[in-house]
Amino acid sequence: MPTCTINGHEMHYLDQGEGFPLLLGHSFLWDSRVWRPQLQFLSEHFRCIVPDLWSHGQSQTVRGDGLSLERLAEDHHQLMQHLKIDRYGILGMSTGGLWGTMLAMKYPDEVASLILISCSLSNETASKRAEYLQLINAVETQRQLTSEQLDALVQIYFSEQAQMLYPAVVETFRFDLMFLSPEQISGLVSLGRVLFQRPSMLDEIAAVRCPAMIISGDQDASCSLTTTQTMHDLMPESQLAVIENAGHMLTLEQPVQVNPLLVNFLASIDEVNLDMSKLVFI
């Protein structure tokens, strides 16, 4: 993977395909592989920039008081500046949608479109925030994840159907988390505290000027349909789609439903020239 040095840290990213640029941001505790079912066809028609978030995948660990969603947005803006890309669409999954929305609001002349997947722009409820912080504090003390904690994370990220249909994907998720280095765990703990104590963005999102699509799974344990409906109501240029039989990881769980939605939406963007007759979903 190529790298870009941002504020003294190396960010790894994929750069695949040609065409109108897309910046794809993954969720917490994952990496660029979460987009694998989409990259197979998107990279045939778009230039896809897919970074690993700090402390994830191959990117360097970043921790400390300076870590914030605002910094994540600015860091990804610097990545696009490094690549000399000044107009692009964003596909943000969960955490990727948080910094992606900030990027769209701060740089409206650069962001042509915004797709939010499994992303809640509200703050966490008090009970969920307490649950997540308790988990993070325990992991920080242990410097590893126990089998019970891994089981709990699987329940948060995957629908019951996905756990039965895609056991290899679930086991890969568990395996990767089992073998995190102490340095990675430290970085993930720092980022987790930022994410789970974040303020709501709902009062700000009417400022998103570009066309937007919100995609949510009907069985997502961490992003309620009530919240995504509220987001849709508050974003005047948005569309809303609910994926059946999908949890938080719907790009992996239901690509057959997700992929056509992405392409149909992206094809409607002014700068995109896409011949739908030549499109083949994999």
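Buried, in this tour, means under 20% relative accessible area. Keep that cut-off handy, and remember that you're looking at a predicted model.

**Stop 1: the cysteines.** Select Cys119 to begin. At a relative accessible area of 2%, Cys119 is buried. Which cysteine has the closest sulfur to that of Cys119? It's Cys223, with its sulfur 6.7 Å away, and that is too far for a bond. A disulfide here calls for two cysteine sulfur atoms within 2.5 Å, so the Cys119 and Cys223 sulfurs don't qualify at 6.7 Å.

Now pick Cys210. This one counts as buried too, with 7% relative accessibility. For the sulfur of Cys210, the closest cysteine sulfur belongs to Cys119, 13 Å off, again too far for a bond. The tally for the structure is 0 disulfides.

**Stop 2: the whole sheet.** Switch to cartoon view and follow the open sheet of 8 strands. Its order is β1-β2-β4-β3-β5-β6-β7-β8, and the pairing is mixed. The edges are β1 and β8 (238–243), each of which pairs on one side only. From one strand to the next, the twist averages 20°.

Next, highlight helix α3 (residues 95–106), which packs on the sheet and touches β3, β5 (88–93) and β6 (111–117). Its direction makes about 145° with that of β5.

**Stop 3: the β8 edge.** Select β7 (residues 212–217) along with β8: 6 bridges join them in the parallel sense. To see one facing position, show Gly217, which stands opposite Ile243 in β8.

**Stop 4: the β1 edge.** Go over to β1 (residues 3–6) and turn on side chains. Cys4 and Ile6 make up the covered face, while Thr3 and Thr5 are on the uncovered one. Add β2 (residues 9–16) to the selection, and you have an antiparallel pair with 4 bridges. Across from Cys4, in β2, is Met11. The two strands form a hairpin with 2 residues between them, and Asn7 in the turn has a positive phi of about 50°.

**Stop 5: His26.** Finish in the loop between β3 (20–25) and α1 (36–42), where you'll find His26. Is His26 buried or exposed? Buried: its relative accessible area is 2%. A polar atom of the His26 side chain lies 2.8 Å from the backbone nitrogen of Leu53. Expand the selection to residues in contact with His26, leaving aside neighbours within four places in sequence, and you'll pick up Leu53 again, with others including Asp31, Trp35, Asp52, His56 and Met93.

How values were computed:
Residues numbered from 1 in each chain as written. Predicted model: local features only at pLDDT ≥ 70, side-chain atom pairs only at ≥ 80, totals over all residues. Heavy atoms only, no water. Buried < 20%, exposed > 50% of the residue type's maximum accessible area, 1.4 Å probe, protein only. Pairing = 2+ DSSP bridges. Polar contact = N/O pair within 3.5 Å; in protein donor to acceptor, adjacent residues only side chain to side chain. Contact = heavy atoms within 4.5 Å. Axes fitted to C-alpha atoms, helices over the stretch in contact; angles between N-to-C directions.
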